[in-house]
Amino acid sequence: MSHPLSNRINSLPVSETLAMAAKARELKAQGKDIISLSLGEPDFNTPDFIKEAAIEAINQNYNSYTPVDGYVELKEAICVKFKRDNNVDYSPNQIVVSTGAKQSIANIAQVLLNSGDEVLLPAPYWVSYSAIATLCEAKYIEIPSSIESDFKITPEQLEAAITPKTKMIFFNSPNNPSGTVYSEKEYRALAKVLEKHPQIFILSDEIYEHINYGTKPFSFAAIENMYDRTITVNGLAKAFAMTGWRVGYIGAPEWIAKACTKMQGQITSGTNCIAQRAAITAVLADPSKVQFMVDEFKSRRDIVLDLLGKIEGFKLNVPEGAFYVFPDISAFFGKTIRNKEIKNANDFSMFLLEEANVATVTGDAFGAPNCIRLSYAASELQLREAIKRIKEVLS
Ligand SMILES: Cc1ncc(COP(=O)(O)O)c(C=O)c1O
């Protein structure tokens, strides 16, 4: 029997990431020793100095509703951070704090997109971008890239994808799932194209900015004539190992910030008060305080690249940020291994789960059907064991 659900929810595809997670759980419940490399969260504890700030907030009786757009002290701290890390000037009335960067992105989409608007998604892209655009009845247009271009799009591709209906581009560097980091020069080249199309807004998702191993990430809003139409999204989840605390934020033109506050005011109200107080300490902390996590991620990245690079059929680039590798595994398509036919990345990912007991995520979920994503937010021991198993089942 079909239930009377709305067209809105029916229009949403089921998340392939969640399907994989469900299958991994099922196998675990059967007693299988599954190594999960499908997670998008740091495997560190939240640093003590942030936990202490939260405990202090509880003891100081922070328990009431907060302003919808966040405590003013937090918004001021975020302005300091934007200037310090991104060389972008925002004032507190341009900041909105939300329940995770995911809510920030959903707010922006809700307040800017109308039915039929087009949203450009340089692929590969984070899974929720397409879903959020779809919920707003917008049409998302993928701009493909490949491992050969280091998963970057070119200004020519951007120009070709723009139509009179293009309203936004969702841009993400360092990128989930590819780990790609665009250079300042590459940002400026894309901005040159956008300059010619003043109707286009840029959602610049910079949530992985601190997790980078080379080129210091740049910000769209730092480009003078992009500032007025860029919404900079960031959050505490990745850099501070605070995924469950749920704090994200935007810096945006004031009229967009106001609209996001209005939207949030009718849906969730302000973000959790304790998490916000702790966030003040986190964003004001010098990024060097979390450098140990970045160093550890870099060392794991190098191990993973080295070990995967020894498996025939894995084509790799060198991700400069985030904590994922995104190999092109299309060399396996059309092969039958252990009596299992591998037609696509989905089959390959399932094969690794069932045969090697290693959970990964199919690139289909990110608009890159030749690839799979492996997260190296796992211990070195687990990473070595997982890749050993992968090698064994493929040999
Ligand atoms: C690119 C990207 N943006 C935003 C988010 C959402 O972050 P949050 O946990 O703050 O909602 C994620 C989380 O995986 C992400 O990978």
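In what follows, Ala, Val, Leu, Ile, Met, Phe, Trp, Tyr, Cys and Pro count as nonpolar, Asp, Glu, Lys and Arg count as charged, and the others, Gly among them, count as polar. With that sorting in hand, the linings of the empty spaces in this predicted model can be described by the kind of residue that faces them.

The overall build comes first. The protein chain has 13 helices and 14 strands, and because its radius of gyration is 21 Å, close to the 21 Å that the globule rule gives for 395 residues, the chain is as compact as a globular protein of that length. Taken along the principal axes, the C-alpha atoms fill a box of roughly 60 × 55 × 55 Å. An unreviewed UniProt entry carries the annotation "domain: Aminotransferase class I/classII large", which covers residues 32-390; over those residues the chain is 37% helix and 15% strand, and the C-alpha atoms at the two ends are 15 Å apart.

Two sheets can be followed through the strands. One is an open sheet of 7 strands, arranged in the order 2-8-7-6-5-3-4 with mixed pairing. Its edges are strand 2 (95-98) and strand 4 (139-143), each of which pairs on one side only, and the twist from one strand to the next averages 20°. Within this sheet, strand 6 (residues 201-205) and strand 7 (residues 230-235) run parallel and are joined by 4 bridges, with Ile202 standing opposite Thr230 in strand 7.

Another open sheet consists of 3 strands in the order 9-14-13, and here the pairing is antiparallel. Strand 9 (324-325) and strand 13 (361-362) stand at the edges with a single partner strand each, so one side of each is left without a neighbour in the sheet. Strand 13 and strand 14 (residues 372-375) are joined by 2 bridges and run antiparallel, and Val361 stands opposite Arg373 in strand 14.

From the strands we turn to the spaces between the atoms. Rolling a probe the size of a water molecule over the atoms shows where empty space is left. Counting cavities of 30 Å³ or more gives 2. The largest has a volume of about 80 Å³, and of the 13 residues that line this cavity, Pro122, Pro124, Asn172, Asn175 and Tyr182 are the closest to its centre. Strand 5 (residues 166-172) gives the most to that lining, with 3 residues, and the lining as a whole divides into 9 nonpolar residues, 4 polar and no charged.

What kinds of residue line the second largest cavity? This space of about 40 Å³ has a lining that divides into 4 nonpolar, 3 polar and 3 charged residues; among the lining residues are Lys81, Arg84, Glu209, His210, Asn234 and Tyr249. Helix 4 (72-86) and strand 7 each supply at least two residues of this lining.

Arg84, Glu209 and His210, which line the second largest cavity, also belong to the lining of the second largest pocket. That pocket holds about 210 Å³ of space, and its lining also includes Asp85, Asn212, Lys216, Pro287 and Gln291. The elements that give two or more residues to the lining of this pocket are helix 4 and helix 11 (291-308), and the lining residues divide into 4 nonpolar, 3 polar and 4 charged. Helix 4 thereby links the two descriptions, as an element named for the lining of the second largest cavity and for that of the second largest pocket.

Note on methods
Residues numbered from 1 in each chain as written. Predicted model: local features only at pLDDT ≥ 70, side-chain atom pairs only at ≥ 80, totals over all residues. Heavy atoms only, no water. UniProt positions renumbered as here; feature names shortened; annotations may be inferred. Pairing = 2+ DSSP bridges. Axes fitted to C-alpha atoms, helices over the stretch in contact; angles between N-to-C directions. 1 Å grid on protein atoms, 1.4 Å probe; cavity = no way out; pocket = protein on both sides within 12 Å on 5 of 7 lines; lining within 4 Å. Points joined across faces, edges and corners; volume = space filled by probe spheres on them. Rg over C-alpha atoms; globule rule 2.2 N^0.38 Å.
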